[in-house]
Amino acid sequence: MDLNKYLPLTETTYYILLSLLEPAHGYIMMQKVEELSNQTVKIAAGTMYGAIENLLKQELIKSVKSTDKRRKTYVITEKGIEVLRLDCERMKHLVHITEQSLALREYENRGMENV
């Protein structure tokens, strides 16, 4: 199966998948996303539950049994972990080529100052 069709993940989806490396229900997921993003990403309840439905359909997360009957608990699937890994590698590549390009530009600009 070509997992690249799920890429690139949105920032919100990336954080949701990351938050589900351990089982959690929606409210805990929202808190984890805020924490993981240094409070830069805040997900409203409606957005969270829409994302959960999409991720369930894509089989990137699954529902698991919970001791709390009032709340559904979710966890990332193996497929979801692989998609998360692929997107992480994609972003590492972006960071690498950006750093290289900026360093080259800086080097070239320093050389031009001496002309």
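Analyst: Buried means a relative accessible area under 20%, exposed means over 50%, and partly exposed lies in between. Keep in mind as we go that this is a predicted model.

User: Thanks! Is His 25 buried or exposed?

Analyst: Let's place His 25 on the chain: you will find it in strand E1, residues 24-25. Its relative accessible area is 15%. The cut-off for a buried residue is under 20%, so His 25 counts as buried.

User: Which residues does His 25 touch, not counting residues up to four places away in sequence?

Analyst: Here we leave out the sequence neighbours of His 25, up to four places away. A contact needs heavy atoms within 4.5 Å. With that in mind, the partners of His 25 are Arg 71, Lys 72 and Thr 73.

User: Where is Arg 71 found?

Analyst: Arg 71 is in contact with His 25 and Ser 66, once its neighbours within four places in sequence are set aside. To locate Arg 71, look at strand E2 (61-64) and strand E3 (73-76). Arg 71 sits in the loop between E2 and E3.

User: Is Arg 71 buried, exposed or partly exposed?

Analyst: The relative accessible area of Arg 71 is 38%. Values between under 20% and over 50% belong to the middle class. Arg 71 is therefore partly exposed.

User: What separates the C-alpha atoms of Arg 71 and Tyr 14?

Analyst: Along the chain, Arg 71 and Tyr 14 are 57 residues apart. In space, their C-alpha atoms are separated by 22 Å.

User: Which residues are linked with Arg 71 in a network of salt bridges?

Analyst: Side chains of opposite charge can pair when their charged atoms come close. One such pair here is Asp 68 with Arg 71, at 3.6 Å from N to O. The whole network takes in Arg 71 together with Asp 68 and Arg 70.

User: How many salt bridges does the count come to?

Analyst: The protein has 16 positive and 16 negative side chains, and the centres of these two sets lie 10 Å apart. For a salt bridge, a side-chain nitrogen of Lys or Arg must be within 4 Å of a carboxyl oxygen of Asp or Glu. By this rule, the count is 6.

User: How many residues apart are Arg 85 and Glu 82?

Analyst: The side chains of Arg 85 and Glu 82 form a salt bridge, with 3.6 Å from N to O. Arg 85 is exposed at 51%, while Glu 82 is partly exposed at 31%. Both belong to helix H4 (residues 78-113), where about one helical turn separates them. In sequence, that spacing is 3 residues.

User: In which helix do Glu 89 and Lys 92 lie?

Analyst: Glu 89 and Lys 92 are joined by a salt bridge of 3.3 Å, N to O. Glu 89 is partly exposed at 47%, and Lys 92 is partly exposed at 48%. The two are 3 residues apart, about one turn, in helix H4.

User: Which peptide bond is cis?

Analyst: Most residues other than glycine have a negative phi, and most peptide bonds are trans. Pro 8, in the segment before helix H1 (11-19), is the place to look. With omega near -5 degrees, the cis bond runs from Leu 7 to Pro 8.

User: What is the phi of Gln 39?

Analyst: The loop between helix H2 (26-36) and helix H3 (45-57) holds Asn 38, and Gln 39 is found in the loop between H2 and H3 too. Asn 38 is not a glycine, yet it has a positive phi of about 55 degrees. Asn 38 is exposed at 62%, while Gln 39 is partly exposed at 47%. For Gln 39, phi is again positive in a residue other than glycine, near 65 degrees.

User: What pattern does the protein follow along the sequence?

Analyst: There are 4 helices and 3 strands to put in order. Read along the sequence, they give α-β-α-α-β-β-α.

User: What radius of gyration does the protein have?

Analyst: The C-alpha atoms fill a box of roughly 75 × 35 × 20 Å along the principal axes. A compact globule of 115 residues would have a value near 13 Å. The protein instead has 19 Å.

Methods:
Residues are numbered from 1 along each chain as its sequence is written. This is a predicted model: local features need pLDDT of at least 70, side-chain atom pairs count only at pLDDT 80 or more; totals for chains, interfaces and linings use all residues. Side-chain values use heavy atoms; hydrogens and water are left out. The radius of gyration is taken over C-alpha atoms; the globule rule is 2.2 Å times the number of residues to the power 0.38. Lys and Arg count as positive and Asp and Glu as negative; His and the chain ends are not counted. The place of a charge is taken as NZ of Lys, CZ of Arg, CG of Asp or CD of Glu. Buried means under 20% relative accessible area, exposed over 50%, partly exposed in between (1.4 Å probe, protein chains only).
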